[in-house]
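Me: Can you walk me through this one? I'm new to this, so plain words please.

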Amino acid sequence: MLKKEKVLIIGISGQDGTYLSQILHNRGLVVYGTSRNPSFNSFKKNSHKINFSANIPVIKLNPQDFNAVNKIIGEL
C-alpha cells in the first residue's frame with residue numbers, strides 16, 4: 001500500500017492557507033494546518049465560504065518556536 005504524501009500548512013486559517021489546503025486536498029495529499037489560536041480560528045469560516053468541507057486537523061503552533069515546529073514535523 002502506498003503512503004499518501006503529507007503537507008503541513010503553517011497559518012492555515014487565513015485566506016491563502018484555506019485555498020491552498022483545498023487545492024492540495026483535492027490532489028490527494030493529507031493536509032494538516034497550524035494556527036496560533038485554533039479556538040479562534042477562521043479556517044472553518046473561510047473553508048465554508050469556498051464550499052470546502054474536508055476534515056483538516058488544525059494544530060496550535062507558534063511558528064517562531066523552532067522546537068515546537070520541529071516536533072510537529074517529526075510527528076507527522
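Reply: Here is a short chat about the sheet, a helix on it, the core and a charged pair. Keep in mind that this is a predicted model.

Me: Ok, the sheet. In what order do the strands go?

Reply: The order is β1-β2-β3, three strands in an open sheet, and the pairing is parallel.

Me: Which strands stand at the edges?

Reply: That would be β1, residues 6-10, and β3, residues 58-60. Each has a single partner strand, so one side of each has no neighbour in the sheet. From one strand to the next, the twist averages 30°.

Me: And over how many bridges do β2 and β3 pair?

Reply: Three bridges, in the parallel sense, with β2 covering residues 30-35. If you want a spot to click on, Ser35 has Lys60 in β3 as its bridge partner.

Me: Which helix packs on the sheet?

Reply: Helix α1, residues 15-26, and it touches β1 and β2. The direction of α1 makes about 175° with that of β1.

Me: New topic: which residues are in the largest nonpolar core?

Reply: There are nine: Val7, Ile9, Ile12, Leu24, Val31, Phe43, Ile50, Phe52 and Ile56.

Me: Pick Ile9. What does Ile9 touch?

Reply: Leaving out residues up to four places away in sequence, Ile9 touches Gly17, Leu20, Ser21, Leu24, Val31, Tyr32, Gly33 and Thr34. Leu24 and Val31 are also in that core with Ile9.

Me: What about Glu5, is it buried or exposed?

Reply: Exposed, because its relative accessible area is 58% and the cut-off for exposed is over 50%. Glu5 sits in the segment before β1.

Me: Which residues is Glu5 in contact with, beyond its neighbours within four places in sequence?

Reply: Leu29 and Val30. Glu5 and Val30 are 25 residues apart in sequence, yet their C-alpha atoms are 6.1 Å apart in space.

Me: Last thing, charges. How many salt bridges does the structure hold?

Reply: One. Lys71 forms a salt bridge with Glu75, and their closest N and O atoms are 4.0 Å apart.

Me: Why can side chains like that pair at all?

Reply: Side chains of opposite charge can pair when their charged atoms come close.

Me: And where do Lys71 and Glu75 lie?

Reply: Both are in helix α3, residues 66-75. Lys71 and Glu75 are four residues apart there, about one turn of the helix.

Me: Are those two buried or exposed?

Reply: Lys71 and Glu75 are both exposed.

Methods: Residues numbered from 1 in each chain as written. Predicted model: local features only at pLDDT ≥ 70, side-chain atom pairs only at ≥ 80, totals over all residues. Heavy atoms only, no water. Pairing = 2+ DSSP bridges. Helix = DSSP H or I, 4+ residues; strand = E, 2+ residues; numbered from the N terminus. Axes fitted to C-alpha atoms, helices over the stretch in contact; angles between N-to-C directions. Contact = heavy atoms within 4.5 Å. Salt bridge = Lys/Arg side-chain N within 4 Å of Asp/Glu carboxyl O. Buried < 20%, exposed > 50% of the residue type's maximum accessible area, 1.4 Å probe, protein only. Core = buried A, V, L, I, M, F, W, Y, C linked by side-chain atoms within 4.5 Å.
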